[in-house]
Amino acid sequence: MNRRKFLKSGIALGTALAAGGIYAWKIEPYWLEFVHLPMPVKNLPKEHVGKTLIQLSDIHVGDRVPADYLIESMRKAQALNPDWVVYTGDFTHFKNSEQYSQLSTVLQSATKGKIGTFASLGNHDYGHAWSMPEVADETTSILENAGIKTLRDQKYNSEGLTIYGVEDLWGTNFNPEKVMKTWDPKEAALVMCHNPDACDLPVWNGYDGWVLAGHTHGGQVRPPFLPAPILPVQNRRYDQGKIDLEDGRTLYINRALGNYFPIRLNVRPEITVFTLTQA
């Protein structure tokens, strides 16, 4: 290869790398995808067949995610007129009390369900080193004031659909046994559980329905034809999407609306739209 061809090849390679970097930094982190899936639910009342449930996760309000992007995304989801909405944790990327006012502002545009709107907490909702229960309490207060019922190892019967909310695995209050021991196999139920690693613990009391999780962000970066190199879970199977846990439970891991670092590649941000059916 002569010098001219070498320089041209170098320039082309540099241009391609720069374009890829701009895409991963400025485009894909905000290229929202609505994922539509059926959700077969055991014991679902006939009147709820065909109704919709939207899952949002990991919005990470704070300095890393533009508030305008979050608000616009929530408004797009609201336009789908969902019956239920669930938020599966990590409402802020907590640094200090400024995130409280930021969260309150964003939640003025929160997506809400006609029948009910529910939330569980994530590790970031427990502040620094996931060790600040006062941050979780204040976040819960903000959510409740915004009309989002927060379930912390609790359940709620929402017109025949029982929503369970499990505390975060890495937080200070994780004790799901107390609520899961109340599970009734005759219920139409689903569980919100931020960290999917909790699915591997012996706390489920035979529960055999859907578990909606977040936390992983799908790794945010996935090289072509390869798994995501960074996942904040012990079970590397828990990456993204629908996973059959082979014991009657179906796990769904949302890829997150926000970001914990502002780069995405082959892992677009997601809002999930489930259509309820009878199992």
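## His60 and the cysteines of a predicted model

A polar contact of 3.3 Å joins the side chains of His60 and His93 in this structure, which is a predicted model. His60 lies in the loop that runs between strand β2 (52-56) and helix α2 (67-78), and with a relative accessible area of 0% this histidine is buried. Leaving aside residues up to four places away in sequence, His60 touches Val65, Asp90, Phe91, Thr92, His93, His124, His217 and Asn259, so that His93, the partner in the polar contact, also appears among the contacts of His60.

UniProt, in an unreviewed entry, lists residues 53-218 as "domain: Calcineurin-like phosphoesterase". Over residues 53-218 the chain is 23% helix and 22% strand, and the C-alpha atoms at the two ends are 21 Å apart.

A separate matter is the cysteines, for which a search of the whole structure finds zero disulfides. The sulfur of Cys193 has its closest cysteine sulfur in Cys199, at 5.3 Å, and because a disulfide requires sulfur atoms within 2.5 Å, this separation is too far for a bond. Seen from Cys199, the closest cysteine sulfur is likewise that of Cys193, at 5.3 Å. Both residues are buried, Cys193 with a relative accessible area of 1% and Cys199 at 3%.

The relative accessible areas of the three residues discussed are set out below.

| Residue | Relative accessible area |
|---|---|
| His60 | 0%, buried |
| Cys193 | 1%, buried |
| Cys199 | 3%, buried |

Notes: Residues numbered from 1 in each chain as written. Predicted model: local features only at pLDDT ≥ 70, side-chain atom pairs only at ≥ 80, totals over all residues. Heavy atoms only, no water. UniProt positions renumbered as here; feature names shortened; annotations may be inferred. Helix = DSSP H or I, 4+ residues; strand = E, 2+ residues; numbered from the N terminus. Buried < 20%, exposed > 50% of the residue type's maximum accessible area, 1.4 Å probe, protein only. Polar contact = N/O pair within 3.5 Å; in protein donor to acceptor, adjacent residues only side chain to side chain. Contact = heavy atoms within 4.5 Å.
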